[in-house]
Structure formats: C-alpha cells, structure tokens
Amino acid sequence: MDTIAAISTANAVSAIGILRLSGPEAFPIADRVFRPAAGGPLSAHPRRTMVLGALLDRQGRPIDHCLAVTFAAGASYTGEDSVEFHCHGSPVVLQEGLRALFAAGARQALGGEFTKRAFLSGCLDLSEAEAVIDLIEAETADAARNAVGQLGGALRRRMEAVYDQLLDLSSQFYALVDYPDEDIEDLGPGQIAQVLRRGEDALRSLLDTFRRGQVLKNGVATAIVGRPNAGKSSLLNALVGYDRAIVTDVPGTTRDTVEEKALCGGVLLRLIDTAGLRETEDAVERMGVERTRAALASAELVLLVIDGSQALTEEDWEALRMVREAGKPCIVVFSKADLGIAQPDLVLEGSGGQLVSAVHLSSVTGEGIAVLEDTVAALYPAGAAPAGSILTNPRQAEAVRRALEALAGARSALEGGLTPDAVLTDVEAAMHAIGEVTGRTLREDLVDRIFSRFCVGK
C-alpha cells in the first residue's frame with residue numbers, strides 16, 4: 001500500500017493547520033521534509049511526542065517552524081505509520097508543505113482515505129467509521145454526543161451482542177449436523193425461540209430510535225406559514241439571530257421561500273419562511289403562494305403565525321384550514337405580543353387535531369421565545385438514551401430492519417413446525433444484515449461509496 005498525504009484542516013487562514021501523512025514510507029518521507037531543532041532525523045525521536053523543527057519546501061528551504069509528531073503502525077488512527085505536522089495556519093504554507101510531501105514520495109489522499117484505512121486495518125468498524133463523518137457534520141450538542149458514543153463503539157457493541165447470540169445458535173446447529181456421533185446438546189424449539197425473541201427485541205428497540213435519530217442528525221423541516229404581514233419573517237429573524245429575511249410593513253414582501261437553520265429548544269429546525277397565504281393578482285406573489293403550499297406539504301412541523309394584536313381575519317381562518325388539511329403537527333404562534341393581545345382563544349376553535357400548542361410572543365422584544373423553545377423541545381424530547389444508542393444512519397437502519405424481518409421470518413418458520421435448517425436460513429440472513437452495520441459483510445463498492453462522503457484529510 002502506498003503512502004498518502006493531505007491537508008486535514010480547512011482551507012482558510014487559521015491559527016493552526018495540520019498536514020497528515022500515512023503509509024509504509026511515512027517516516028522516510030517525513031525525514032526528507034522536516035528538520036528537528038534538536039538534531040537528528042524525525043524518525044529517531046520518540047513516538048507520540050511533539051518535536052519542534054523546520055518544515056522544508058521542495059528545494060529544502062524552511063517554509064515554516066512547526067511541530068511534528070510520529071505514530072507507529074498499530075498505534076495510530078489509520079493503523080499504519082503516520083506523521084502529523086502542526087503548522088501555522090497559512091494556506092500557502094500548507095500547500096507548499098503538501099507539495100514537498102508529494103515530491104518526497106507521497107501521493108494525494110482521496111476523500112475519506114485515512115478513515116477508510118483505519119477501517120481496513122481493523123482500528124474502526126464500519127459503524128465507528130461512519131460516526132466520524134456524523135461527528136464532523138454534527139450541528140447540535142446532542143448529535144455530537146451521540147456520534148462520539150458511536151465512535152466509541154456503542155452501536156457496534158449492541159449489534160455484536162445480537163450477532164454473537166445468533167452465531168452461537170448457528171454454530172451449535174452445524175456442529176450437530178457435522179458431528180452426529182458427538183455428545184452435543186440438541187437444539188430444542190423453545191431454546192431457539194428464546195434466542196430469536198431476544199434478538200428481535202434488541203433490534204426493534206434500536207430501530208425505534210431512528211425517528212429521533214433523524215431529528216438529531218438532519219433537523220426538522222419546519223414551514224413558517226400565515227397570511228401576509230403576520231410576522232413570519234420577523235419570527236425567522238428572531239430564531240436565527242440576525243436579519244435573514246426582509247421585514248417591512250408592506251404585505252407581500254416575501255415572495256419566495258427563505259430557508260435557514262436554527263436551534264430552538266435544543267432541536268435543529270430547518271426553517272422555511274414562506275410567502276403569505278392569500279389570493280392575489282400579482283403573478284410573482286402567486287408563484288410564491290404556490291411554493292408556500294409545497295413547503296407546507298413537505299414540512300414535518302408547521303409554525304402558523306397569526307397577528308395576535310388584531311382580530312382574526314378570513315385569511316387567518318383559511319390558513320388554519322390549510323394546516324388542518326395538511327395533517328402536520330402545528331404550533332400556532334400569536335405574534336406582535338408587544339402591541340397587545342386581541343381575542344387569543346378564537347383560533348383554538350375548529351383548529352382540528354393537529355394543533356400542538358399556542359404561543360404568544362414578540363419577535364421584537366423576545367418575549368415568549370423561550371416558551372416557543374420549550375414547546376418545540378417537548379414535541380421532540382431528547383430522552384435519556386445513552387450516548388451512541390440512537391440510530392441516525394439510513395443505511396444502518398435499513399440493515400437493522402432487514403435483520404429484524406429475517407428473525408421474524410425465522411420465528412414464524414419455527415412456530416410453523418419447519419425443520420431447524422429452514423429456520424437457520426433466516427437466522428443467517430439476519431446475521432448478514434447485522435454484519436452490514438459493522439462491516440463484517442459488505443461489498444467493496446459500497447465501502448467505497450460510504451467513504452466518498454468524507455472530506456479529503458479525514
């Protein structure tokens with residue numbers, strides 16, 4: 001296997017930038033481009049110890065004074081001999097250092113190639129490797145905690161517990177078939193059923209976390225709807241913390257959907273500010289209203305904004321009717337609380353079964369925003385699940401679902417009086433699906449696709 005190199009930090013001016021090198025020639029290559037201040041080659045210095053020295057360009061001239069650290073095979077992230085150079089965060093310095101590494105014998109690392117090598121060398125299983133990208137992309141503290149839990153093997157341990165039980169069941173059956181003269185305990189239907197039931201319970205419990213995992217990882221698609229000038233764009237700006245949408249006293253200012261992300265009650269909301277719902281002769285505004293209807297149809301949560309300082313209008317009631325027909329969870333937001341409250345309870349009548357709660361707030365003063373945050377948090381509770389125990393990856397969820405179906409099929413076959421070999425066909429299908437989560441059983445092309453999601457340098 002060849003030796004790879006890449007810049008592992010962002011391509012921007014920063015305090016520190018890191019060059020990463022991994023492969024069988026990592027130490028000789030590093031010796032060619034780094035001159036320790038204490039003398040001698042870098043490879044002669046202790047492993048896992050920062051060494052001060054000069055990073056050299058392709059002509060052997062110092063390009064930076066930095067720190068270098070070496071990691072021996074078996075004790076590095078990739079499982080190979082590895083070196084990291086902690087430089088000043090100048091993009092020019094990092095690029096010149098990378099070119100020097102290439103000239104010394106390394107090649108450019110592909111996206112995710114360092115983590116892929118960690119997987120192939122057995123330092124990480126596939127669920128742990130996928131947790132790396134989840135941790136990098138985490139947008140909430142809960143998402144980061146769950147990803148780091150999976151990186152620590154939480155998901156692997158849950159899957160392997162089921163796999164090992166099924167493996168014991170399968171191996172005992174094959175021992176009976178292959179060695180009929182040996183004194184091996186026979187498998188009774190009750191014993192098999194107990195193992196299958198335990199496996200089903202464990203997989204079902206894990207799969208039940210997937211909805212929460214999707215919220216944790218991707219956020220909640222949230223449509224902000226209501227009649228023109230109800231305060232929708234002001235609410236968006238209040239939630240994101242800056243003036244993302246144009247706000248005026250002129251109705252119909254927002255003519256297209258405006259999308260932004262915001263944390264609300266610890267929940268990541270993918271907010272979609274929409275054009276006001278009303279009949280209009282303006283062709284552009286009419287297109288915006290159609291996009292509002294599309295956003296409402298695809299949303300997972302609706303914030304229906306009503307001007308709480310005025311009596312409800314026909315347009316407000318029409319917006320309520322549309323939300324009810326969409327069948328989505330809805331929080332009614334009475335805006336402009338700083339201007340007074342008029343007839344606050346009328347909206348609750350005839351709002352249908354989709355109303356979650358009603359909140360009075362002012363986007364100007366911030367009054368009531370905390371109540372909205374509490375309402376959203378109650379709608380998507382974090383729960384007390386241990387870090388790493390929530391399933392967030394659709395590929396993994398699909399594999400768990402297939403494993404669960406296979407175990408259900410095995411139990412059905414057992415209850416139907418079929419022979420153990422027929423039952424174990426489904427058991428082995430479940431084991432194969434479980435192996436796809438951890439990487440025990442996975443096609444090479446799928447492995448390549450998984451790691452192609454990673455950035456270069458990781």
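This passage describes the overall architecture, one pocket, the salt bridges and selected backbone features of a predicted model.

In the predicted model, the secondary structure of the chain amounts to 15 helices and 13 strands. The chain has 458 residues, of which 47% are buried, and it exposes about 21000 Å², with carbon and sulfur atoms supplying 54% of that area. When contacts in the chain are restricted to residues at least 6 apart in sequence, 68% of them join residues at least 24 apart.

The second largest pocket encloses about 170 Å³ of space. Its lining is made up of 13 residues, and those closest to the centre of the pocket are Asp 134, Glu 137, Ala 138, Ala 143 and Lys 217. Three helices, namely helix 4 (126-137), helix 5 (141-151) and helix 8 (210-218), each supply at least two residues of this lining, and the largest share, four residues, comes from helix 5. Sorted by class, the lining of the second largest pocket comprises five charged, four polar and four nonpolar residues.

Helix 4 and the loop that follows it recur in the description of the charged pairs. The structure holds 30 salt bridges, and one of them is formed between Arg 395 and Glu 130, whose closest N and O atoms are 2.8 Å apart. Arg 395 belongs to helix 13 (residues 394-415) whereas Glu 130 belongs to helix 4, so the pair ties together parts of the chain that are 265 residues apart in sequence. Both partners fall below the 20% limit of relative accessible area under which a residue is called buried: Arg 395 counts as buried at 19% relative accessibility, and Glu 130 counts as buried at 3%.

A salt bridge is also formed between Glu 139 and Lys 261, with the closest N and O atoms 3.0 Å apart. This pair likewise links distant parts of the chain, since Glu 139 is located in the loop between helix 4 and helix 5, while Lys 261 is located in strand 9 (residues 258-264), at a separation of 122 residues. With a relative accessibility of 37%, Glu 139 counts as partly exposed, and Lys 261, at 41%, is also assigned to the partly exposed class.

The salt bridge between Arg 204 and Asp 201, in which the closest N and O atoms are 3.6 Å apart, is formed within a single element. Both residues lie in helix 7 (residues 189-207), and because they are three residues apart there, they are separated by about one helical turn. Arg 204 is partly exposed, having a relative accessible area of 36%, and Asp 201 counts as partly exposed at 44% relative accessibility. Elsewhere, salt bridges with shared partners join Asp 2, Glu 80, Arg 107, Glu 113 and Arg 117 into one network.

Positive phi values in residues other than glycine were examined next. For Asn 229, phi is near 65 degrees, a positive value in a residue that is not glycine. Asn 229 is situated in the loop between strand 8 (220-225) and helix 9 (232-240), and it is partly exposed, with a relative accessible area of 30%. Lys 336, which is not a glycine either, has a positive phi of about 60 degrees, and its position is in the loop between strand 12 (330-335) and strand 13 (355-360).

The final residue considered is Ala 413, which is placed in helix 13, the helix that also contains Arg 395. At 9% relative accessibility, Ala 413 counts as buried. Leaving aside residues up to four places away in sequence, Ala 413 touches Leu 418 and Val 423. The C-alpha atoms of Ala 413 and Leu 424 are 9.5 Å apart in space, the two residues being 11 residues apart in sequence.

Key. Residues numbered from 1 in each chain as written. Predicted model: local features only at pLDDT ≥ 70, side-chain atom pairs only at ≥ 80, totals over all residues. Heavy atoms only, no water. Buried < 20%, exposed > 50% of the residue type's maximum accessible area, 1.4 Å probe, protein only. Contact = heavy atoms within 4.5 Å. Areas by Shrake-Rupley, 256 points an atom, 1.4 Å probe, with all protein chains shown as cover. 1 Å grid on protein atoms, 1.4 Å probe; cavity = no way out; pocket = protein on both sides within 12 Å on 5 of 7 lines; lining within 4 Å. Points joined across faces, edges and corners; volume = space filled by probe spheres on them. Nonpolar A, V, L, I, M, F, W, Y, C, P; charged D, E, K, R; others polar. Salt bridge = Lys/Arg side-chain N within 4 Å of Asp/Glu carboxyl O.
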